[in-house]
Amino acid sequence: MAQTRCGALTKRRTRCAKEAMTGTSRCHLHQGAWSPYGVARRKQAEARAALRRLRKQG
């Protein structure tokens with residue numbers, strides 16, 4: 001099965017040519033901050049930062 005294309009419109013009002021991410025209709029550039037992908041990435045970044053703070057306190 002072929003992966004679908006991103007459904008977002010670009011600044012030129014044409015459809016984005018990138019492949020959509022698995023389970024979504026948008027590529028990594030057009031995912032919003034509150035999409036499941038954006039939330040997961042933010043949580044990972046926060047976890048890494050918390051780990052760094054803990055190590056620094058050492």
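This is a short report on the overall shape of a small protein model, its helix, and a few residues in it.

## The big picture

First off, keep in mind that this is a predicted model. The secondary structure is quick to describe: the protein has one helix and zero strands. That helix, helix 1, covers residues 36-57.

As for the overall dimensions, the C-alpha atoms fit in a box of roughly 50 × 30 × 15 Å along the principal axes. The radius of gyration comes out at 16 Å, whereas a compact globule of 58 residues would sit near 10 Å. Burial is worth a look too: of the 58 residues, 14% are buried, and a residue gets that label because its relative accessible area is under 20%.

## Arginines on the helix

Turn to the surface and you'll find a positive patch, put together by Arg41, Arg48, Arg52 and Arg53. Two of its members, Arg48 and Arg53, can be looked at one by one.

Arg48 sits in helix 1. Its relative accessibility is 49%, so it counts as partly exposed, since the exposed label needs over 50%. Arg53 lies in helix 1 as well, and with 53% relative accessibility it counts as exposed. Arg53 also gives a feel for distances in the model: its C-alpha atom is 40 Å from that of Lys11, with the two positions 42 residues apart along the chain.

## The end of the helix

Gln57 is another residue of helix 1. How exposed is Gln57? Its relative accessible area is 65%, so Gln57 falls in the exposed class. Now pair Gln57 with Gly7: they are 50 residues apart along the chain, and their C-alpha atoms are separated by 46 Å.

## Before the helix

Two residues stand out in the segment ahead of helix 1. One of them is Arg13, which is found in that segment. What is unusual about the backbone of Arg13? Its phi is positive, at about 70°, although Arg13 is not a glycine. In terms of solvent access, Arg13 counts as exposed because its relative accessibility is 64%.

The other is Leu29, likewise placed in the segment before helix 1. Leu29 has a relative accessible area of 53%, so this leucine is exposed. Its C-alpha atom is 9.6 Å from that of Ala8, although Leu29 and Ala8 are 21 residues apart along the chain.

Definitions and conventions. Residues numbered from 1 in each chain as written. Predicted model: local features only at pLDDT ≥ 70, side-chain atom pairs only at ≥ 80, totals over all residues. Heavy atoms only, no water. Patch = residues over 30% accessible without salt bridge, like charges linked within 9 Å, V, L, I, M, F, W, Y side chains within 5 Å. Areas by Shrake-Rupley, 256 points an atom, 1.4 Å probe, with all protein chains shown as cover. Salt bridge = Lys/Arg side-chain N within 4 Å of Asp/Glu carboxyl O. Lys, Arg positive; Asp, Glu negative; His and termini not counted. Charge placed at Lys NZ, Arg CZ, Asp CG, Glu CD. Helix = DSSP H or I, 4+ residues; strand = E, 2+ residues; numbered from the N terminus. Buried < 20%, exposed > 50% of the residue type's maximum accessible area, 1.4 Å probe, protein only. Rg over C-alpha atoms; globule rule 2.2 N^0.38 Å.
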